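Biologist: Got a minute to walk through this one with me? I'd like to start with the charges.

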Amino acid sequence: QVQLVESGGGLVQAGGSLRLSCAASGRPFSTYAMGWFRQAPGKERECVAAISWNGRNTYYADSVKGRFTISRDNAKNTVSLQMNSLTPEDTAVYSCAAKSTAYPASYSLGENEYTYWGQGTQVTVSS
């Protein structure tokens with residue numbers, strides 16, 4: 001079992017920044033690929049960023065590329081999402097997710113591939 005707890009959400013004006021953190025406990029964090037997902041009202045949940053467990057490979061959705069940065073610290077069992085130049089379209093509940101994998105360089109984009117989820121944190125961007 002892996003427990004995930006997100007923090008760092010809140011209300012920010014358009015153009016501002018937020019940093020989300022996800023703290024993991026339980027099984028060794030370093031063998032889990034991690035993803036950040038978001039779900040806006042009336043929309044499907046989407047993967048906005050993912051990172052392999054060795055931290056060398058990352059993925060970004062086109063809508064956040066160049067503005068968001070995913071990173072992880074396996075020694076501290078944390079994964080972060082730095083979000084810059086936020087727009088109202090980024091308003092959503094953001095959740096981190098973990099997937100056990102034997103491949104250090106792999107990550108996944110599909111929510112069905114992830115086993116463990118945090119409770120989510122609300123990000124609201126005002127115009």
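Biologist: How far apart are the mean positions of the positive and negative charges?

Modeller: They sit 8 Å apart, with 11 positive and 9 negative charges going into those means. Keep in mind that this is a predicted model.

Biologist: Okay, and what about the surface? How much area does the protein expose?

Modeller: About 6,300 Å² is exposed, and 47% of that comes from carbon and sulfur atoms.

Biologist: And what share of the residues is buried?

Modeller: 42% of the 127 residues count as buried.

Biologist: Let's do the fold. How many helices and how many strands?

Modeller: There are 0 helices and 11 strands. Reading from the N terminus, you get β-β-β-β-β-β-β-β-β-β-β. The radius of gyration is 13 Å, close to the 14 Å of the globule rule for 127 residues, so the protein is as compact as a globular protein of that length.

Biologist: What does the C-alpha trace span along the principal axes?

Modeller: Roughly 45 × 25 × 25 Å.

Biologist: Of the contacts between residues at least 6 apart in sequence, how many join residues at least 24 apart?

Modeller: 62% of them do.

Biologist: Switching to cysteines. Which ones are joined by a disulfide?

Modeller: Cys22 and Cys96, with the sulfurs 2.0 Å apart. The cut-off for a disulfide is sulfur atoms within 2.5 Å, and the count by that rule is 1.

Biologist: Is that link left-handed or right-handed?

Modeller: Right-handed, with 55° about the S-S bond. Cys22 is in strand S3, residues 18-26, and Cys96 is in strand S9, residues 92-100, so the pair ties together parts that are 74 residues apart in sequence.

Biologist: Are Cys22 and Cys96 buried or exposed?

Modeller: Cys22 is buried, at 0% relative accessibility. Cys96 is buried too, with a relative accessible area of 0%.

Biologist: Then there's Cys47. Why no bond for that one?

Modeller: Because the closest cysteine sulfur, the one in Cys96, is 12 Å from the sulfur of Cys47, which is too far for a bond. Cys47 is buried as well, with a relative accessible area of 9%.

Biologist: Back to S3 for a second. Where does Arg19 stand, buried or exposed?

Modeller: In between: Arg19 is partly exposed, with a relative accessible area of 42%. Arg19 is part of strand S3.

Biologist: Which residues does Arg19 touch, leaving out those up to four places away in sequence?

Modeller: Ser7, Gly8, Ser71, Ser80, Leu81 and Gln82.

Biologist: And how far is Arg19 from Glu6?

Modeller: C-alpha to C-alpha, Arg19 and Glu6 are 11 Å apart, and in sequence they are 13 residues apart.

Biologist: Last topic, the backbone. What's phi of Asn77?

Modeller: Near 55°, so to speak on the positive side, in a residue other than glycine. Asn77 is in the loop between strand S7 (68-73) and strand S8 (78-83). With 26% relative accessibility, Asn77 counts as partly exposed.

Biologist: What about phi of Ser85?

Modeller: Ser85 has a positive phi too, about 50°, although it is not a glycine.

Biologist: Where is Ser85 found?

Modeller: In the loop between S8 and S9. Ser85 is partly exposed, at 41% relative accessibility.

Conventions: Residues are numbered from 1 along each chain as its sequence is written. This is a predicted model: local features need pLDDT of at least 70, side-chain atom pairs count only at pLDDT 80 or more; totals for chains, interfaces and linings use all residues. Side-chain values use heavy atoms; hydrogens and water are left out. Helices (H or I, at least four residues) and strands (E, at least two) are DSSP runs, numbered from the N terminus. The radius of gyration is taken over C-alpha atoms; the globule rule is 2.2 Å times the number of residues to the power 0.38. Buried means under 20% relative accessible area, exposed over 50%, partly exposed in between (1.4 Å probe, protein chains only). Contact means heavy atoms within 4.5 Å. Accessible areas come from the Shrake-Rupley method with a 1.4 Å probe; for residues, only the protein chains shown count as cover. Lys and Arg count as positive and Asp and Glu as negative; His and the chain ends are not counted. The place of a charge is taken as NZ of Lys, CZ of Arg, CG of Asp or CD of Glu.
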